[in-house]
Amino acid sequence: ACYEAGYYLAVAMSRPLIVREMAKIAEENGCQYVAHGGVRTGNDRARFETAVADLDPTLDVIFPPAEWNLASRSEEEEYAKRFQLRYRKRDRAGYYTLDENMWGRTVRWEGLDDGWLAPPPEAYYLTVDPREAPDEPTEVTIRFAAGVPVALDGEKLEPVALIQRMNQIGGRHGVGRTDIVENPLSGVKKRQTYEAPAAHILITAHQALEDVVLPKEILHFQKPLSQKYSELIYEGFWFDDIRLALDDFFLRIQKRVVGEVRVRLFKGSSLVTGRRAS
């Protein structure tokens, strides 16, 4: 799943997991309330609160910025300072990471809202500057079984290990950076900067193999469904029946997505140089 021009939904997919554990702990401890720390005008507020309503509608959600009428990060910082609360502040470089997991990293940096400013070099962590990447390309061969990556260069790997390895290899070649303008739930366009080497490479390879093995009718039919799937995740409807029903469709068509894809990584680019079904 990829939302719009290059967001692989790392943060959006982590929210249902957080809420599922939150609801479980609330039930075990007899809690009536849960709270979250999303931004007032951000997507996370909808993601958290929609997921809570889906999993346990008896829970009441507390959203501190609304409770205390805090309209911005700056006001939150001032509130925390006034009451001596712990708060993650921006570092000296003028940026901070909103979120990171093994599927990707969201970076917010000072000046991000100015669409003409380029991201500062220090904003990136997982990927090197493509100009400083090795002068020789690296080719990797990824094997898929039922649409799932199972091996890298002939070595069988569990999913977590494979993703971590791809992050390392792709990051060394500056692959997986995106600087895009999104259409969030608020309706106000928002610039975002992401790093997701493994997600970018694996999805590129996966689509290349699908092009070989899936009939035209399925390929054309799945494109709008894939877009809808990404929108459901982005907007917080992970536990919705539509998302679950789409899973059944995608799992069915992935049965024939078996084979290998060779990808060349070089100076920030990932180019498919070979694909074969098996």
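**Glu-260 and two residues with positive phi**

Leaving aside neighbours within four places in sequence, Glu-260 is in contact with Thr-141, Ile-142, Arg-143, Leu-209, Gly-274, Arg-275 and Arg-276. The model here is a predicted one. So where does Glu-260 sit in the chain? It belongs to strand 10, which covers residues 259-266.

One partner from that contact list deserves a second look. Arg-276 is in contact with Glu-260, and the side chains of these two residues are also joined by a polar contact of 2.7 Å. Is Glu-260 itself buried or exposed? Its relative accessible area is 19%, and because buried means under 20%, Glu-260 counts as buried.

Next come two residues picked out by their backbone angles. Glu-4 isn't a glycine, yet its phi is positive, at about 55°. This residue turns up early on, in the segment before helix 1, a helix that spans 10-28. With a relative accessible area of 38%, Glu-4 is partly exposed, because that value falls between the 20% limit for buried and the 50% limit for exposed.

Asp-153 is the other case: here too phi is positive, at about 50°, although the residue is not a glycine. And which elements flank Asp-153? The residue lies in the loop between strand 6 (148-152) and strand 7 (155-156). Its relative accessibility comes to 47%, so Asp-153 also counts as partly exposed; exposed would call for a value over 50%.

Methods. Residues numbered from 1 in each chain as written. Predicted model: local features only at pLDDT ≥ 70, side-chain atom pairs only at ≥ 80, totals over all residues. Heavy atoms only, no water. Helix = DSSP H or I, 4+ residues; strand = E, 2+ residues; numbered from the N terminus. Buried < 20%, exposed > 50% of the residue type's maximum accessible area, 1.4 Å probe, protein only. Polar contact = N/O pair within 3.5 Å; in protein donor to acceptor, adjacent residues only side chain to side chain. Contact = heavy atoms within 4.5 Å.
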